[in-house]
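Please bring up the next model on the screen. I will go through its core, one helix pair and a few single residues.

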Amino acid sequence: MAVKQRIRRSMIFLNTQRAALVKDAFVYHPDCVIFDLEDAVAENEKDSARIQLYQTLKQLDYQGVERWVRVNALDSDLINEDIRAAVAGGAEGIRLPKTETAAEVKAAAQKN
């Protein structure tokens, strides 16, 4: 499988739960929008944020803007469900928070 090469000069991080912010982010013409499930979402709102993420990815047309999801930390019990929601919704990429080594990226790839 060929890897798609893209320049990402600008990325907009969005709180997944803020519908007013996520619905029109493409108008700023970023190279990528990143829906944040980690720091931007309160601990007791993680499940509803995943549902909102899935609906956003499925229903909104970002007019060619790449859509990524920043998941919760590798050592959290939240990352598996975050990745499932992102993949099911059709996100083009996953961004791992606080990642420092290739081993951490490989461990995330083994999730799910």
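The largest nonpolar core here has 20 residues. By nonpolar core I mean a set of buried Ala, Val, Leu, Ile, Met, Phe, Trp, Tyr and Cys residues joined through side-chain atoms within 4.5 Å. Buried is under 20% relative accessible area, exposed is over 50%, and partly exposed is in between, with a 1.4 Å probe and protein chains only. The residues with the most contacts inside this core are L14, V33, F35, L53, L57, Y62 and V69. Strand β2 (32-36), helix α2 and helix α3 each supply at least two of its residues, and α3 gives the most, with 4 residues. Helices (H or I, at least four residues) and strands (E, at least two) are DSSP runs, numbered from the N terminus. As background, in soluble globular proteins nonpolar side chains tend to be buried together.

Some bookkeeping. This is a predicted model: local features need pLDDT of at least 70, side-chain atom pairs count only at pLDDT 80 or more, and totals for chains, interfaces and linings use all residues. Residues are numbered from 1 along each chain as its sequence is written, and side-chain values use heavy atoms, with hydrogens and water left out.

Now the helix pair. The axes of α2 (residues 46-59) and α3 (residues 79-89) come within 8 Å and cross at roughly 15 degrees. Angles under 35 degrees count as roughly parallel, over 145 as roughly antiparallel, 65 to 115 as roughly perpendicular and the rest as oblique, so α2 is roughly parallel to α3. Axes are lines fitted to C-alpha atoms, for helices over the stretch in contact, and the angles run from 0 to 180 degrees between N-to-C directions. The crossing is right-handed, that is, the near helix is turned clockwise from the far one by less than a right angle; anticlockwise would be left-handed.

Which residues meet? From α2 they are R50, L53, Y54, L57 and K58, and from α3 they are E81, D82, A85, A86, A88 and G89. They divide into 6 nonpolar, 1 polar and 4 charged. Here Ala, Val, Leu, Ile, Met, Phe, Trp, Tyr, Cys and Pro count as nonpolar, Asp, Glu, Lys and Arg as charged, and the others, Gly among them, as polar.

Contact means heavy atoms within 4.5 Å. For single residues I leave aside neighbours within four places in sequence. On that basis L57 is in contact with F35, R67, V69, A85, A86, G89, G90 and A91.

V69 sits in strand β3 and is buried, at 0% relative accessibility. Its partners include I34, F35, L53, L57, A86 and I94. V69 and I94 are 25 residues apart in sequence, with their C-alpha atoms 5.0 Å apart in space.

T56 belongs to helix α2. Is T56 buried or exposed? Buried, with a relative accessible area of 4%. T56 touches V22, F35 and Y62.

Next, the loops. Q63 is in the loop between α2 and β3 (66-70). Q63 has a positive phi of about 50 degrees although it is not a glycine, and at 56% relative accessibility it counts as exposed.

E92 lies in the loop between α3 and β4. At 44% relative accessibility, E92 counts as partly exposed. E92 touches E66, R67 and W68. Between E92 and V65, 27 residues apart in sequence, the C-alpha separation is 9.9 Å.

Last, K98, in the loop between β4 (93-95) and α4 (102-109). K98 is exposed, at 58% relative accessibility, and is in contact with E38, D39, R70 and E104. The C-alpha atoms of K98 and V65 are separated by 24 Å, with their positions 33 residues apart along the chain.
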